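Subject: Structure handover

Hello,

Please find the structure below. My notes come after it.

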Amino acid sequence: MIRTRQREDDMIENSRHSDPEKNEGDEKKEKGSDFWNIAILLFLYILQGIPIGLAASVPMILQTRKVSYAKQALFSTATWPFSMKLLWAPLVDALYIKRFGRRKTWVVPSQYLIGLFMLVFSHYSDSLLGEKDTDPEPDVKLLSAIFFGLFFLTATQDIAVDGWALTMLSKRNVGHQSTCNSVGQTVGYFLAYVVFLALESPVFCNAYLRAEPSPRGLVSLADFMFFWGLVFLLATTLLLVFKREEPSAADDETLSPTLTYKQSLAMLRRPVIREYFIVILTSRIAFSAVDALTGLKLVEAGVPKENLGLLAIPVIPIQIILPIIVARYTAGPRPMSAYLKAYPVRLLFGLLLPIFVAWSHGLSEFSVYFYVLAGFVYVIYSIPCTVQYVSNMSFNARIADPTIGATYMTFCNTVNNIASNWPNTLALALVETFTRKYCVGGEEGGIACVASESEKACAAAGGSCATSIDGYYVEAGLGLCVGLLWLFWMG
């Protein structure tokens with residue numbers, strides 16, 4: 001049994017390696033002087049949310065192409081650079097051009113490369129998605145590799161921005177970094193997921209935005225990538241010219257990459273740090289099936305992907321407003337208390353999503369009442385998710401040492417990303433293993449549909465594969481059991 005409150009107090013107290021006198025200048029800053037710094041941080045996190053939103057949109061497009069869940073699991077690995085960024089975070093912390101600025105040395109080239117990356121990719125995206133006659137099947141392997149590279153650059157930008165926030169904001173306002181991160185990424189995610197899927201859908205555009213119908217949406221993935229590639233280039237140029245990075249006392253104590261790696265390893269040797277990481281790495285297992293598969297299962301049930309994207313609209317205000325409300329608690333001495341209190345609530349609300357998916361599979365059409373109920377379910381589930389996210393980010397910022405600020409923040413955030421990614425990827429990879437399908441009708445009736453070949457054989461014989469056991473519900477049930485055990489362990 002873990003005494004969580006005492007552990008949290010010990011961790012915050014023991015993690016303060018830097019001398020308080022080093023940041024006396026920061027303490028003297030007026031609160032109002034941080035307004036523009038908060039605005040800049042918010043915009044940088046909005047840019048960061050664009051690739052994240054696109055990585056959520058592509059699986060929806062792939063699902064309409066009937067790709068397997070194994071290929072969906074492969075594409076989910078494209079986001080793993082956010083879980084691997086600790087490998088190069090010490091380099092971002094230690095290597096920089098002093099005259100240029102410790103964080104700008106990495107933020108500027110990373111964002112320029114992201115912009116160029118998106119401009120180049122925009123010329124090949126239609127072919128990779130199988131939207132051309134010459135390429136009828138999506139090339140999921142190449143798509144995964146391309147997005148992996150894009151996320152590598154985005155993760156590098158995230159390392160530098162997280163570290164910059166520790167010195168850009170005064171010490172009394174550094175807790176607002178988590179709010180900027182949450183709100184900014186949410187806005188970027190909204191633009192690249194909700195707005196993009198709506199504008200990419202010919203059904204949505206013909207119904208609401210066009211006088212004359214067309215077989216294509218207003219915007220393709222190529223158009224969207226090209227536009228945001230230009231935005232990245234322009235925004236980075238403005239940041240380069242007009243934002244001066246103020247020197248920090250921590251810059252004079254910058255460690256070499258070797259010493260920074262040793263410092264990172266030293267963090268792992270501290271019992272309270274190891275315990276915190278074990279808690280975080282195991283806490284998301286309970287929600288993996290719900291988080292990774294619910295949207296895909298709704299698309300499988302026939303819900304148009306653009307309408308599913310629009311369900312995020314009522315969630316966005318929650319993800320923007322709630323962090324501001326929660327900040328008064330997460331900016332206090334025990335930010336992780338909110339995380340622990342939200343866990344059973346999230347576990348309870350998470351039960352509603354599999355029930356909702358099961359109900360949707362029995363519908364022949366989706367009325368306005370269906371979408372109202374769907375929006376309600378998504379909203380109430382997003383509340384504990386947002387509280388936990390902000391609580392984690394605030395805790396990480398609170399214990400960070402500015403001397404190795406980017407590495408310290410990245411060290412904690414990397415664990416949080418791994419905690420989300422590994423269970424989600426595993427859930428996608430195993431869902432077909434837990435699923436049982438049998439051929440119904442035709443000459444092949446009764447045989448198991450265990451692979452694409454047997455499904456094609458069933459269809460060729462005049463039958464169809466019917467699901468007797470859906471692995472999604474099996475995984476959701478297992479997740480509930482794990483969540484209850486986790487709560488018992490936490491005491």
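The notes cover the chain as a whole, then one helix, then the nonpolar cores.

This is a predicted model, in which local features need pLDDT of at least 70 and side-chain atom pairs count only at pLDDT 80 or more, while totals for chains, interfaces and linings use all residues. Residues are numbered from 1 along each chain as its sequence is written, and side-chain values use heavy atoms, with hydrogens and water left out.

The protein chain has 23 helices and two strands (DSSP runs numbered from the N terminus: H or I of at least four residues for helices, E of at least two for strands). Of its 491 residues, 52% count as buried, meaning under 20% relative accessible area with a 1.4 Å probe, protein chains only.

Helix 15 runs over residues 288-300. It bends by about 45° at T294, the bend being the angle between axes fitted to the seven residues ending there and the seven starting there. Eleven of the 13 residues in helix 15 are buried, among them L293 and T294. After helix 15 comes G302, with a positive phi near 110°.

The largest nonpolar core (buried Ala, Val, Leu, Ile, Met, Phe, Trp, Tyr and Cys residues joined through side-chain atoms within 4.5 Å) holds 99 residues, and L54, M118, F147 and L293 touch the most other members. Helix 9 (residues 140-168) gives this core its largest share, 14 residues. Another core, of five residues, lies apart from it and includes L322 and A338.

Regards

Methods. The expected span of a helix is 1.5 Å times one less than its number of residues. Buried means under 20% relative accessible area, exposed over 50%, partly exposed in between (1.4 Å probe, protein chains only).
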